[in-house]
Amino acid sequence: MLDLGEIREKIDGIDKQLVSLFEERMALCHSVAEYKISTGKKVLDTERENAKLAAITKMVQNPENVHAINDLFSQIMANSRKMQYRLLEENGQTLREPYEAVNEVDKTNCKVVYQGVPGAYSYIAMKRYFGENVENFHVPTWRDAMEAVKMGKADYAVLPIENSTAGIVAGVYDLLQEYNNYIIAETYIKVEHALLGLPGTDLDKVTTVYSHPQGLMQCEGFLEQHKDWNQISQANTAQSAQKVLLEKNPSHVAIASEEAAQVYGLEVLKHKINDLDNNTTRFVIVTNTRKFVKNAKKMSIVFETANEAGTLYNLLSHIIYNGLNMNKIESRPIEGREWEFRFFVDFEGNIDDPRVINALRGIEEESKKIKLLGNY
Ligand SMILES: O=C(O)C(=O)C[C@]1(C(=O)O)C=C[C@@H](O)C=C1
């Protein structure tokens with residue numbers, strides 16, 4: 001019977017040599033970094049890495065180890081690159097673009113744009129974030145809102161980005177990628193649908209209910225009790241409320257927010273008729289300059305990868321290596337390129353934190369394209 005203690009002692013001896021050799025290798029990579037700092041040569045040299053892996057594969061004696069050794073050396077070189085990026089940044093060779101640090105979002109002297117009509121959830125998000133009296137206007141589409149911010153017609157846009165039950169608002173993700181507008185803040189609004197009607201509406205006489213398809217779906221349980229009602233979809237919930245007001249027909253009702261009842265002078269016939277209690281929408285506040293609040297804690301980036309095995313894993317490794325907590329990843333197809341994707345990633349961190357700087361540097365160097373969407 002082999003003695004475990006003895007075997008472990010041998011393993012310890014080998015590990016000692018591995019550590020010492022690894023440190024020797026890293027010291028050489030420091031010199032490589034110095035060379036690259038003075039010559040401007042790129043850190044990632046895929047040709048050299050591939051040649052290295054091929055050479056190493058040839059040295060392996062037991063074929064069983066080929067895969068593991070390739071994996072090991074890929075990791076060793078990845079660590080070498082991460083160390084080199086840190087040195088480059090420390091030597092002032094930064095790829096960072098300047099930004100303006102502000103203490104807080106100026107909510108008083110600004111004009112805000114939102115998509116939809118008064119009483120819509122974007123309207124509610126705007127009022128809750130900027131206050132009741134904020135100067136504002138509304139536009140028909142999210143793109144119009146982005147455009148208004150880009151052209152300086154509004155200082156900020158309020159856009160829905162995800163809902164806790166329905167998932168992401170893909171169109172807004174795509175616009176964030178397309179425009180050079182930046183997220184400066186976010187706000188969460190609990191979606192609470194109410195049943196609205198003309199003052200004095202008799203529920204027994206209702207024939208028709210209007211709402212956005214999501215609104216109808218989210219109140220399925222309530223509508224089950226009124227199977228005889230005609231459910232008619234509208235472009236948004238607030239518009240449904242407006243329709244009830246304009247039609248002046250007491251047998252027509254709408255599912256919308258209580259704010260919409262206020263805006264359109266309707267009566268709340270039933271409060272909180274949504275099936276789930278935890279239905280929340282996250283909104284982002286977007287502006288047209290690279291302006292971030294000083295104590296910002298969340299980074300949002302988007303990057304594109306080559307369609308090759310392991311690229312996403314390698315890019316995310318920069319976030320993990322730097323000890324940053326990644327809390328979201330979404331992929332969206334790249335227009336005009338079949339089966340190629342860009343990835344939207346959120347992680348915790350501030351743009352001035354050296355760990356964030358190092359992670360962004362690594363992704364910038366090793367992805368096809370990266371864009372900072374915001375730090376908020
Ligand atoms: O030889 C280089 O150019 C290095 O930077 C060293 C090294 C390595 O660790 O072996 C690291 C990164 C490059 O992609 C290739 C190789």
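**View 1. The stretch that UniProt calls "domain: Prephenate dehydratase" covers residues 111–288.** This comes from an unreviewed entry, and UniProt positions follow the numbering used here, with shortened feature names and annotations that may be inferred rather than shown by experiment. The chain here is 32% helix and 33% strand, with 13 Å between the end C-alpha atoms; helices (H or I, at least four residues) and strands (E, at least two) are DSSP runs, numbered from the N terminus. Residues are numbered from 1 along each chain as its sequence is written. Please keep in mind that this is a predicted model, in which local features need pLDDT of at least 70 and side-chain atom pairs count only at pLDDT 80 or more, while totals for chains, interfaces and linings use all residues.

**View 2. Here are the two other UniProt features, "domain: Chorismate mutase" at residues 1–88 and "domain: ACT" at residues 300–376.** Both come from unreviewed entries. Residues 1–88 are 83% helix and 0% strand, and their end C-alpha atoms lie 53 Å apart. Residues 300–376 are 31% helix and 36% strand, and there the end C-alpha atoms are 9 Å apart.

**View 3. Domain 2 (100–190 + 281–375) meets domain 3 (194–270).** The contact takes nine residues from domain 2 and 13 residues from domain 3, where contact is defined by C-beta atoms, placed from the backbone, within 7 Å. On the domain 2 side, seven of these residues are nonpolar, two are polar and none is charged. For these classes, Ala, Val, Leu, Ile, Met, Phe, Trp, Tyr, Cys and Pro count as nonpolar, Asp, Glu, Lys and Arg as charged, and the others, Gly among them, as polar. The centres of the two domains, taken over C-alpha atoms, are 33 Å apart; the bounds come from an automatic or database domain assignment.

**View 4. The ligand has a shell of residues around it, including Cys29, Asp45, Arg48 and Ser80.** A residue belongs here if its C-beta atom, placed from the backbone, lies within 6 Å of the ligand. Helices H1 (4–39), H2 (46–59) and H3 (66–90) each give two or more residues to this shell. By class, the shell has five nonpolar, one polar and five charged residues.

**View 5. Let us finish with helices H2 and H3, where residues such as Glu49 and Lys52 in H2 meet partners including Phe73 and Met77 in H3.** The contact divides into six nonpolar, three polar and two charged residues.

Definitions and conventions
Two residues are in contact if their C-beta atoms, placed from the backbone, lie within 7 Å.
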